[in-house]
Amino acid sequence: MAFLPSRPDREAGFTILEVLTAFVLFALALAVILKVFSGGLRDAQLADEYARAAMMAQSRLSGFTAAERLDEGVGTGREDPFTWTLSATAYDERQEDPQAQGQGEYSLRVRLLRVESKVSWRAADGRDRDVRLATLVLGTKP
């Protein structure tokens, strides 16, 4: 039995159709990966903005509550790209719970103040965002 070498009918390699299909699949996969990556970067930037705004709100709140004399009022300011508002108002529990009876008239020399720190900005995604922190502090009666 003699061994006859076989000859391929065509040369080994890829056809143009196979190469084009591979390029199309590669381009689609690359587009999906870039979209996921850019979404992750956008979310990371938004998280950074929220963290900076929360630190600024906490700083303003701490600065106000550390003062010796706490008075009612509103203060505002701007630190690009953030705008902050700090407000102190007399606390009335009926604002949070309408069914509460309200504080009776006691002869105390203190009163509660509700202090709110709000920081707002326009985020990288174009939407208006804000962070609000609030606390109750003891103040002197006027």
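# Strands, salt bridges and a buried Glu

Mentor: Strand β1 (residues 73-79) and strand β2 (residues 82-90) are paired in the antiparallel sense, with seven bridges. This is a predicted model, in which local features need pLDDT of at least 70 and side-chain atom pairs count only at pLDDT 80 or more, while totals for chains, interfaces and linings use all residues. Residues are numbered from 1 along each chain as its sequence is written, and side-chain values use heavy atoms, with hydrogens and water left out.

Trainee: What makes β1 and β2 count as paired?

Mentor: Two strands pair if DSSP finds at least two bridges between them. β1 and β2 have seven, so they meet the rule. One bridge joins Gly 73 to Ala 88 in β2, and a hairpin of two residues connects the strands. β2 also pairs with strand β3 (residues 110-122), antiparallel, over eight bridges.

Trainee: How do you know that Asp 125 and Arg 129 form a salt bridge?

Mentor: A salt bridge is a side-chain nitrogen of Lys or Arg within 4 Å of a carboxyl oxygen of Asp or Glu. The closest N and O atoms of Asp 125 and Arg 129 are 2.4 Å apart, so the pair qualifies.

Trainee: Is Arg 129 buried or exposed?

Mentor: Buried means under 20% relative accessible area, exposed over 50%, and partly exposed in between (1.4 Å probe, protein chains only). Arg 129 has 13%, so it is buried. Asp 125, at 35%, is partly exposed.

Trainee: Why is the Arg 132 and Asp 130 pair also called a salt bridge?

Mentor: Their closest N and O atoms are 3.9 Å apart, and that is within the cut-off, so the name applies. Arg 132 is partly exposed at 47%, as is Asp 130 at 34%. Both belong to a salt-bridge network with Arg 114 and Glu 116.

Trainee: What keeps Glu 49 from having a salt bridge?

Mentor: The nearest side chain of opposite charge, Arg 52, is 6.2 Å away, so the cut-off is not met. Here Lys and Arg count as positive and Asp and Glu as negative; His and the chain ends are not counted. Glu 49 is buried all the same.

Trainee: Which residues does Glu 49 contact, leaving aside neighbours within four places in sequence?

Mentor: They are Phe 82, Trp 121, Ala 123 and Ala 124; contact means heavy atoms within 4.5 Å. Glu 49 itself is in helix α1 (residues 16-65). Helices (H or I, at least four residues) and strands (E, at least two) are DSSP runs, numbered from the N terminus.
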